[in-house]
Amino acid sequence: MSLPLPGSIDPILVPRAKLAGESRLDILGLSRAELKTALIEAGVSAPQASMRMRQIWHWVYHRGVTSFAVMDNITKDLRGDLEKVFYISRPEIVTAQYSEDGTRKYLLKFRDGSEAETVYIPDEDEKKHRGTLCISAQVGCTLNCRFCYTGTQRLVRNLEPGEIVAQMMIARDDLEEWPISTEGRRVTNIVMMGMGEPLYNFENVKKALKIIMDKEGIQLSRRRITLSTAGVVPMMERAGKEIGVNLAVSLHATNNEVRSEIVPLNKKYPLEELMAACQKYPGAHNSRRITFEYVMLKGINDSDKDAKQLIALIHRYKLPAKVNLIPFNPWPGSPYECSDWDQVKRFSGLIFKSGISAPIRMPRGRDIMAACGQLKSESVKERASARSKG
Ligand code: SF4
């Protein structure tokens, strides 16, 4: 094998590593077709490329390896050659925090120094052996939802497909979940609900989720993946058609006046348009309901009248829906307080009574979490303070 061959057979544009100091190509985040093309470009013969691609795919996404040296069904010479052209990345774990309740929170640093958070939340009932990984789509966010700590940080950039997949890989590394098994998994579900708006990074999120769903790799079913949007109406139908995962919508209010205050994106895509887009979401039906996230803010959106309006809104649009009630988790300087506990329970009861499921999502990992986005902010502050001391 000669390295590297000129890319004369290039039907697919393989994304190149753009990072300083690394001329090799990161395998993480390449589609199967891109990996095959890159192997041919690197000198693997065309008839062998499909087989090699499948072998490497299996090692990377089924076994979780990060080195070619262990790929013992590939000849030693070829492994050495591959190592010169490719690498299998993992972001640096800046901090990993472990809560008493099993929640794990990671602050990850990517190769350009950008940081994002990933959180693993095990099911409260240990016997169920379930756990949800909350994945970030962007570094920072542009949307400035007023209850959200990440919204106070400016957008730095979209995460690349490999960086989105890497959040899954890091969690599985840490939970020792390699090789992939369909039995006894700990990361059983994903929510795209971390930092950033996934529908503002649509192509990268789509590519990453397709890799995570791939049947010969991590094999997570689309039914176990939920994409959460603040309401980017024009992209919702495409998300349903092209990715086909479950949809969650950050609703948080039942009229435009309050919602525009809490979720400023509502000024662009008001409730009527948002609910109509939910109605059209492909694949939504009673066994795959749309989730409305509703953060409980004292005196803002938590009255009995709000609960009744929420029920009326869901009924008016005849949506197969459930509501997740989230007690607000205040952060220093946050403009809101959490609703009183009795009112959260009452609100939930009113919605349940109407036939719509409305569980209260108890905050997990309180001892480590604080609000989403806070780890990153703390890390930025620490660096700023170190610089000013230096
Ligand atoms: S809730 Fe989501 S969309 Fe809104 S500011 Fe926070 S990260 Fe961005």
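## Ligand surroundings

The shell of residues around the ligand is made up of six nonpolar, five polar and one charged residue. In this predicted model, the residues that surround the ligand are Cys141, Leu143, Asn144, Cys145, Cys148, Thr150, Gly151, Met195, Gly196, Glu197, Ala230 and Ser250. Ser250, which belongs to this shell, is also a residue of strand 11, the element spanning residues 246–250, and there Ser250 stands opposite Glu293 of strand 12.

## Strand 11 and its partners

Strand 11 is mostly covered, since four of its five residues are buried. Towards one neighbour, strand 10 (residues 225–229), strand 11 runs parallel and is joined by four bridges; within this pairing, Leu227 has Leu247 as its bridge partner, and Thr229 has Val249. Towards strand 12 (residues 290–296), strand 11 again runs parallel, with three bridges joining the two.

The connection between strand 10 and strand 11 involves helix 6 (residues 233–243), and these three elements together make a right-handed β-α-β unit.

## The sheet as a whole

These strands are part of an open sheet of nine strands with mixed pairing, whose order is 3-4-5-6-9-10-11-12-13. Its edges are formed by strand 3 (92–98) and strand 13 (321–327), each of which pairs on one side only. On average, and with direction ignored, neighbouring strands of this sheet are turned by 20 degrees against each other.

Helix 10 (residues 341–353) packs on the sheet, where it touches strand 12 and strand 13, and the direction of helix 10 makes about 175 degrees with that of strand 13.

## Backbone features in the loops

The loop between helix 4 (161–174) and strand 9 (189–192) contains Pro179, and the peptide bond that leads from Trp178 to Pro179 is cis, with omega near -10 degrees. Glu176 lies in the loop between helix 4 and strand 9 as well, and although Glu176 is not a glycine, its phi is positive, at about 55 degrees. Glu176 counts as exposed because it has 8 C-beta neighbours inside 10 Å, where the limit for an exposed residue is 12 or fewer.

A positive phi also occurs at His252, a residue other than glycine, with a value near 65 degrees. His252 is placed in the loop between strand 11 and helix 7 (256–262). With 26 other C-beta atoms within 10 Å, His252 is buried, because the threshold for that class is 20 or more. The two residues with positive phi therefore differ in their surroundings, Glu176 being exposed and His252 buried.

Methods
Residues numbered from 1 in each chain as written. Predicted model: local features only at pLDDT ≥ 70, side-chain atom pairs only at ≥ 80, totals over all residues. Pairing = 2+ DSSP bridges. Right-handed = clockwise from strand over helix to strand, strands pointing away. Near = placed C-beta within 6 Å. Nonpolar A, V, L, I, M, F, W, Y, C, P; charged D, E, K, R; others polar. Axes fitted to C-alpha atoms, helices over the stretch in contact; angles between N-to-C directions. Contact = placed C-beta atoms within 7 Å.
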